[in-house]
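Welcome! Have the sequence and the 3D view open side by side, and take your time with each stop on this short tour.

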Amino acid sequence: MRNPLIMRNNSQPQNEYYQEALMRLGQDSVFTKTRSYNGKLGAIYKKESTEFRLWSPTASQVELLLYDDWYGDIHYSFVMQFDEDLQVFRYGLEGDQHGTTYAYRLTFLTGEQVITNDPYAKAATVNGHRSVVVDLEQTKPEGWGARMSPWETPDKTVIYESHVRDLTVSKSSNIQHKGKFIGLTETGRVNDSGSPAGLDYLVDLGITHVELLPVFDYATVDETQQPPSAYNWGYDPYNYNVPEGSYSSNPFDPFARITEFKELIKAMHKKGLRVIMDVVYNHVYEVENHAFHKTAPGYYFRYNDKGHLTNSTGVGNDTASERSMMRKYIVDSVVYWASEYHVDGFRFDLMGIHDIDTMNAVREALNEIDSSILLFGEGWNLYTPLSNDVRAANQNNAKFMPGIGQFNDGLREAVKGNDFEITAKGYVNGAWHMESQVVQNFMGGVDFGNYNDPLQLIQYIEAHDNFTLYDKLVASSPGTSIITIERQHMLATTIIMLAQGVPFLHAGQEFMRTKNGVRDSYNKPDEINQIDWNRQEDYRQSVNLVRDLIKLRHSEPLLRLKTHEEIRQTMNAVRQDYQIVHLTYDSPEYELILIINAQMNTLNVPLFPDEYIVLLKDHEVFLDETNTVEITDTISIEFISTLLLKRYK
Ligand code: CA
């Protein structure tokens, strides 16, 4: 994600309490030992009483503020007690506090006061400014049961990256609750030609995991406007543990969004689909307005030696995952979503900002709930001010993070060309000498040395912040016929779907989604971002190809090997030159022959004379092993297409 939010002006002098805190927190190791806390935080609800706990290492006084109601005035303020043993401020309220609206007022040694929402809030008023006590039992939709049973076949994972609003808002979706969580619970929705749209479409396609762009509360869409007057992907975090209000049918009701997001998860689970959350702990929208900064100034973010916020994320601030209470926050938050909402996976935005100990702590904590919960992220190698003894959670260090996947931009770049330049070419659209890069990545990074196993590689060709493949192919080859573009598109997607690792599709990729050449569409209107469900009619061949490739992948174990050792023993690159890749897969009973022809010409390839089963030919999959071909000397492969054969020994 590269969401160019407003850059904060770091040259402004910081206020006094901030400076004071920064100095005091200069030596985190000393500080951590004396001031850290490892228990529950936030409003700890019980039917008979609620206890509020806030960690603020430098406040001299904290008051609990209670409002008349969700949108009323401040009615009470109570001075919280500082617990020397726990190192937290505490206050208890008798009675059932479900629905009580609260905030904190902190006073610092300088006399400065701030009012803030609770960083650990689980419910919030519209736009997230006030926190609300919630009895989570009351937010469970009817029929809310246990988590789905563990995902026993991680090698069968197929991820589909999408956005609540994009999937539900277009007229062609015929979805009733447009732009809402519950829009994705609607079944029986069809496009204007009667083909499935929304939830039913996702089920038909056969993907296993739906990855949703941020669904926690983010800052830049005004929730009081219905329908919203703005659009955003959501990489502008505000309340990390509260669902986003603009996706709720009633953003003013703090509980509706909680129940409705659970309704979405319940509906997907009922259909066998699992849900991955895109989580963004690497930065916040505005430091000075965020509860992290207000409750522990100088603590949760990284600073340079001049005391200015560092900016490795490119959005003006970087959180400091290496600090114990930030690490705890990330772990607590992920555990909360997994246990309370039954979320099945987490995609860490700009994971390379974090440190490996934090990511391993997340993995370990999730394992306590269900070790099959997916965990992966953007391990870009970003400059961070981490000291030399702290390893960043980037691709280079993947082997130190077992069970944590990495987006593999290596395959993306090899297949379609540099993503930052729309005109750059790759293997499928005319670049030469890309074959070995395709093969190395296609074979699950077996020779790279930084991965433990192929399942650590998230294999993809386009994601939300890339040019769509279609837009890139059109722009990089002016004058090319649409037939060629479509063949290049299907070839690229086929490579992703057959690669060793975890295939990842960007929503609508299977019907050649276009965003009209806009790459960073994070705040562009629906016209750019929405899924046009009618487009599947125009690209039916490609939709069928993707659907059938998923089935083929699921039925053919050699296409989803689990270890590098298996890949070494099974796969062999026969040829990788002149835009041709020829691979074999060898097992005791049979072999597979895969030939990828990116040339503009039909190719004739000599093969051992025998009868072969055709599994994939000219962008069509044959699933039942009844399509056979007798080869006497050579077989031809159509221009820009793939051939996959099977031969029993
Ligand atoms: Ca929001």
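Let us begin with helix H4, residues 198-205, which is mostly covered, since 6 of its 8 residues are buried. Keep in mind that you are looking at a predicted model. From H4 the tour goes on to the nonpolar cores, a calcium ion, a pair of packed helices and a few unusual backbone spots.

**Helix H4 and its surroundings**

- Which residues of H4 are buried? They are Gly198, Leu199, Asp200, Tyr201, Leu202 and Leu205.
- These buried residues pack against two strands, S10 (159-162) and S11 (209-212), and also against the helices H3 (164-168), H5, H14 (535-538) and H15 (540-555).
- Right after H4 comes glycine 206, with a positive phi near 95°.

**The nonpolar cores**

- In soluble globular proteins, nonpolar side chains tend to be buried together.
- Here, the largest nonpolar core has 138 residues, and Ile207, Phe261, Phe346 and Phe348 have the most contacts inside it.
- Helix H7 (residues 324-341) gives the most to this core, contributing 10 residues.
- Another core lies apart from it and has 17 residues, including Phe52, Leu64, Phe89 and Val114.
- For a close-up, try phenylalanine 346: leaving out residues up to four places away in sequence, it touches Ile276, Met277, Val279, Val334, Trp337, Ala338, Leu366, Ile373, Leu374, Leu375 and Phe376.

**Tyrosine 329 in helix H7**

- Tyrosine 329 sits in helix H7.
- Is tyrosine 329 buried or exposed? Its relative accessible area is 1%, so tyrosine 329 counts as buried.
- Its contacts, not counting residues up to four places away in sequence, are Pro119, Tyr120, Tyr240, Asn241 and Phe292.
- One of these contacts shows how folding brings distant parts of the sequence together: tyrosine 329 and tyrosine 120 are 209 residues apart in sequence, while their C-alpha atoms are 8.4 Å apart in space.

**The calcium ion**

- Which residues coordinate the calcium ion? Asp217 (OD), Tyr218 (O), Glu223 (OE) and Glu244 (OE) do, at 2.2 to 2.4 Å.
- Along the sequence, these donor residues follow the spacing D-Y-x4-E-x20-E.
- Aspartate 217 belongs to strand S12 (residues 216-218) and glutamate 244 to the loop between strand S13 (237-243) and helix H5 (256-270), so this pair ties together parts that are 27 residues apart in sequence.
- Aspartate 217 has a relative accessibility of 0% and therefore counts as buried.
- Glutamate 244 is buried too, with a relative accessible area of 0%.

**Two packed helices**

- Helix H9 (residues 409-416) packs with helix H10 (residues 435-442) at an angle of about 150°, and their axes are 9 Å apart.
- The crossing of H9 and H10 is left-handed.
- H9 brings Gly410, Leu411, Ala414 and Val415 to the contact, and H10 brings Gln437, Val438, Asn441 and Phe442.
- Of the residues in this contact, 5 are nonpolar, 3 are polar and none is charged.

**Backbone spots worth a look**

- A cis peptide bond runs from glutamine 226 to proline 227, with omega near -5°, and proline 227 lies in the loop between S12 and S13.
- Histidine 342 is not a glycine, yet its phi is positive, near 65°.
- You can find histidine 342 in the loop between H7 and strand S15 (345-348), and it is buried, with a relative accessible area of 7%.
- Histidine 433 also has a positive phi of about 65° although it is not a glycine.
- Histidine 433 is in the loop between H9 and H10, where it is exposed, with a relative accessible area of 67%.

Terms used
Residues are numbered from 1 along each chain as its sequence is written. This is a predicted model: local features need pLDDT of at least 70, side-chain atom pairs count only at pLDDT 80 or more; totals for chains, interfaces and linings use all residues. Side-chain values use heavy atoms; hydrogens and water are left out. A nonpolar core is a set of buried Ala, Val, Leu, Ile, Met, Phe, Trp, Tyr and Cys residues joined through side-chain atoms within 4.5 Å. Buried means under 20% relative accessible area, exposed over 50%, partly exposed in between (1.4 Å probe, protein chains only). Helices (H or I, at least four residues) and strands (E, at least two) are DSSP runs, numbered from the N terminus. Contact means heavy atoms within 4.5 Å. Axes are lines fitted to C-alpha atoms, for helices over the stretch in contact, and angles run from 0 to 180 degrees between N-to-C directions. A crossing is left-handed if the near helix is turned anticlockwise from the far one by less than a right angle, and right-handed if clockwise. Ala, Val, Leu, Ile, Met, Phe, Trp, Tyr, Cys and Pro count as nonpolar, Asp, Glu, Lys and Arg as charged, and the others, Gly among them, as polar. Donors are N, O and S atoms within 2.8 Å of the metal (3.2 Å for Na, K and Ca); water is not among the atoms, so sites may look incomplete.
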